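This report concerns a single structure, shown here with its sequence.

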Amino acid sequence: IELDIQDNQSSTDKAVSAAQQLVADKVSVVLGSYGSGVSIAAGTYFANAKIPAIGCSCTNAAVTAGNDYYFRVCFLDPFQGSVMASFAMEEFGAKKAYVLSMLGDDYTVGLAKNFVKAFEAAGGEIVGDETFVEGTADFSAYLNNAVAGGADVIFAPSAIAYAPQIIEQASALGVSLPILGGDTWENSAISDAQKGTDMQVFVSTFFDENDESGLAKEFVTGYKAWLNSDSQNLTNNGGNDVVAAVSALGYDAYMAAVAAIEKAQSTDGTAIRDALAGLSMDAVTGSLSFDENGDAVKNTAYIKQAIDGAFQFYKVQSAD
């Protein structure tokens, strides 16, 4: 198996050129992408070329919608939004929530909308559903709005570039409300921002490196050994040997591609697509199969809390 790596630079413009290059290179299957916006931007190019793509951590429902050639190994934002709404109500008895997302960001806006829908459906009240523009540096007005509205929790599934500022400014303002984020918040920038504060910061995610089930434990052991075998590997991983959920998802996406190729006994894109549609396998992040939309069948998520510069497993949460 030969890897053809194209960098979309997390840009929707570059996502198109990267997809076009992969198509020109006549790849048999695509792994990616990391984010929803870039996955959506590239999806039609893979479908038109009849090349199956397996998303790793792109959670927006639009990624696979209407695209027979796009699959994903992660859960979706409608599920993730429901999980965090349920967590807010069960854990904090939240009756009111304030929601903040970034204008124009498919992932954050979509996740925010799904949280609002689930929270209101369960009888909760949204006291503010606001968006900020790219480049925003001062979040004090938004945070004050959350407090003034009587929110019990803040749901702020923003991009990594802004999340630390939200946490740090909330702490400086004395805002003691729990702050909840989505899967992208499982990042050292978030745990570093919480470090040294009293802020309660929780995220939903796909995997926990302390999972003791067979494949998960085997993967974590092997991955940590690989990381520690080379200083550059550690640097690329953020300077530590923490096994992020996206690393486990990337591994599952790769192994699903390999299994589909073996099942199809072919490198033809349509044959691999058909094999993926009927695939069922054990994976690091749990059993893996795809529904009629190409989405992974999932029923639970991991909740982690940022404490003292690291993320700690908190609980397993369902969407009910």
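The text below treats one helix, one loop residue and one surface patch.

This is a predicted model, in which local features need pLDDT of at least 70, side-chain atom pairs count only at pLDDT 80 or more, and totals for chains, interfaces and linings use all residues. Residues are numbered from 1 along each chain as its sequence is written, and side-chain values use heavy atoms, with hydrogens and water left out.

Helix α8 comprises the 15 residues 214-228; at 1.5 Å a residue it should span 21 Å, and its end C-alpha atoms, 22 Å apart, agree with this. Its buried residues (under 20% relative accessible area, 1.4 Å probe, protein chains only) are Ala 216, Phe 219, Val 220, Tyr 223, Lys 224 and Leu 227. Viewed down the axis of α8, these buried residues fall within an arc of 125°, so they line one face of the helix. They pack against α9 (231-236) and α10 (245-264), contact meaning heavy atoms within 4.5 Å. On the face of α8 turned away from the buried side are Gly 214, Glu 218 and Thr 221, which are exposed (over 50% relative accessible area).

Two residues outside this helix are set out below.

| Residue | Location | Relative accessibility |
|---|---|---|
| Thr 59 | loop between β2 (53-55) and β3 (70-72) | 0%, buried |
| Ile 5 | segment before α1 (12-24) | 71%, exposed |

Leaving aside residues up to four places away in sequence, Thr 59 touches ten listed partners, among them Ser 36, Arg 72, Tyr 107, Asp 183 and Phe 206.

Ile 5 joins Ile 1 and Leu 3 in a nonpolar surface patch of about 400 Å².

Definitions and conventions:
Helix = DSSP H or I, 4+ residues; strand = E, 2+ residues; numbered from the N terminus. Expected span 1.5 Å × (residues − 1). Arc of directions from axis to C-beta. Patch = residues over 30% accessible without salt bridge, like charges linked within 9 Å, V, L, I, M, F, W, Y side chains within 5 Å. Areas by Shrake-Rupley, 256 points an atom, 1.4 Å probe, with all protein chains shown as cover. Salt bridge = Lys/Arg side-chain N within 4 Å of Asp/Glu carboxyl O.
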